[in-house]
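User: Please examine the structure shown below and answer some questions about its metal site, its aromatic rings and its surface.

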Amino acid sequence: MDAQKPLIIAGPCSVESREQLRTVVSALVPMPQVSMVRCGVWKPRTRPGGFEGLGEKALGWIADLSQELKNEGCRSLPFACEVATPQHVEQVMRYGLKAVWIGARTTANPFMVQELTESLRGTDLTVLVKNAPSPDVRLWMGAIERCWQVGLTDVMAVHRGFDVLKNGGYRNHPLWEVPIELRRTMPEVPIVTDPSHIAGRRELLQEVSQWALDLGFDGLMVEVHPCPEEALTDCRQQITPSGLQELLDRLVLRQTDSNVADRELRLLRSQIDRIDDQLLRLLASRLEVSGEIARVKAQSNLAVFQPKRWDSLLQQRLSTAEELHLEPEFVKGIFEKIHAESVRVQQERLSGGEVSADSLDRTDKIT
Ligand code: PEP
Ligand code: MN
């Protein structure tokens with residue numbers, strides 16, 4: 001089996017100047033893993049007043065740079081930018097870009113997608129379709145289908161995360177189950193994860209990128225800027241070209257599938273890995289609460305072990321287990337272990353002096 005060879009799309013969130021574009025692209029060209037440059041020229045801003053991109057001027061710089069790189073005998077990389085209107089498409093075609101992406105806010109609106117895809121009819125552009133901000137896989141599928149309807153054949157999905165209430169520390173929660181569902185229903189569509197817009201901060205990029213590859217997705221779209229801190233848009237999530245090289249070097253590439261069963265197995269195993277990771281994090285938070293409980297019990301002069309509470313807790317867990325069709329003995333065993341650890345942590349807190357042990361009535365039974 002060959003090792004996975006992810007499709008890497010990299011480049012600045014926005015084109016800011018001729019110089020910035022040249023610097024970053026010249027650093028990306030020699031990186032063999034990079035196969036497309038992303039660079040926004042029209043930026044969808046939630047509120048007016050921010051940097052909205054340089055539009056046609058930036059397209060001119062892209063066209064000039066492509067020509068210069070060609071003259072210098074450099075490897076030619078296709079450029080992609082976001083398009084949101086038929087006018088954008090017309091300008092992109094005029095300046096010879098090879099790829100476009102449909103942004104998250106556009107995918108959310110089927111009227112706009114329809115109008116946009118109509119304007120893409122007859123072109124041979126590569127079209128990247130970002131997921132809509134809401135976690136409704138059908139909007140994503142709908143936009144892809146609208147691309148197919150107008151005869152586009154080179155269509156990929158970009159997973160950029162979702163706008164949900166509990167974002168788990170991400171800018172846009174990855175909700176991996178949504179791209180997994182897209183893969184299940186449209187297995188022929190390559191899925192590229194955009195760790196930059198999911199993470200929202202550089203520190204999380206490696207982890208998100210690795211998860212995407214572990215799930216068997218096909219590539220990454222990463223925002224790269226020569227001087228990320230000074231970027232006019234998304235300065236917290238962009239990385240330098242050498243940061244990108246480091247990220248790529250640290251990625252663990254899995255074996256590619258020899259058959260469908262392998263691929264499915266890998267997908268399921270990484271779901272198990274993520275669930276286990278969540279279980280462990282939940283256990284850690286539960287034990288933190290146990291520590292707090294030790295403090296409150298000490299203040300109120302209560303024994304660490306409260307048999308009545310333990311009995312009612314266990315009964316409740318067993319009745320939930322029954323609803324969930326889980327074996328009662330299995331659940332009982334797990335909760336006995338969890339409870340024992342909670343008691344141990346509480347005792348440790350008390351004996352470690354983190355809670356005033358004096359306030360405890362030593363006649364209470366501590367088990
Ligand atoms: C972008 O890629 O620059 C962008 C604006 O992304 P999204 O549509 O995912 O928010
Ligand atoms: Mn961005």
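The questions and answers below treat these topics in turn.

Analyst: This is a predicted model, in which local features need pLDDT of at least 70, side-chain atom pairs count only at pLDDT 80 or more, and totals for chains, interfaces and linings use all residues. Residues are numbered from 1 along each chain as its sequence is written, chains are lettered from A and ligands numbered from 1 in the order in which they are written, and side-chain values use heavy atoms, with hydrogens and water left out.

User: Which residues coordinate the manganese ion (ligand 2)?

Analyst: Donors are N, O and S atoms within 2.8 Å of the metal (3.2 Å for Na, K and Ca); water is not among the atoms, so sites may look incomplete. Along the chain, the donors of this ion follow the spacing C-x183-H-x25-E-x10-D. At 2.0 to 2.4 Å, the coordinating residues are Cys13 (SG), His197 (NE2), Glu223 (OE) and Asp234 (OD).

User: Is Glu223 buried or exposed?

Analyst: Buried means under 20% relative accessible area, exposed over 50%, and partly exposed in between (1.4 Å probe, protein chains only). Glu223 has a relative accessible area of 0%, so Glu223 is buried.

User: What kind of aromatic pair do Trp140 and Phe162 form?

Analyst: Rings of Phe, Tyr and Trp (its six-membered ring) pair if their centres lie within 6.5 Å; planes under 30 degrees apart count as stacked, over 60 as edge-to-face and the rest as tilted. The whole structure holds 3 aromatic pairs. For Trp140 and Phe162, the centres are 6.5 Å apart and the planes meet at 75°, which makes the pair edge-to-face.

User: Why does the pair of Trp176 and Phe217 count as stacked, and which cluster includes both?

Analyst: The ring centres of Trp176 and Phe217 are 6.3 Å apart and their planes stand at 20°, so the pair is stacked. Trp176 lies in the loop between strand 6 and helix 7 and Phe217 in the loop between helix 9 (205–214) and strand 8 (219–223), so the pair ties together parts 41 residues apart in sequence (helices, H or I, of at least four residues and strands, E, of at least two are DSSP runs, numbered from the N terminus). Trp176 is buried at 4% relative accessibility, and Phe217 is buried at 1%. The aromatic cluster consists of Trp176, Trp211 and Phe217.

User: Is Ile334 buried or partly exposed?

Analyst: Ile334 is located in helix 13 (residues 328–351). Its relative accessible area is 35%, so Ile334 is partly exposed.
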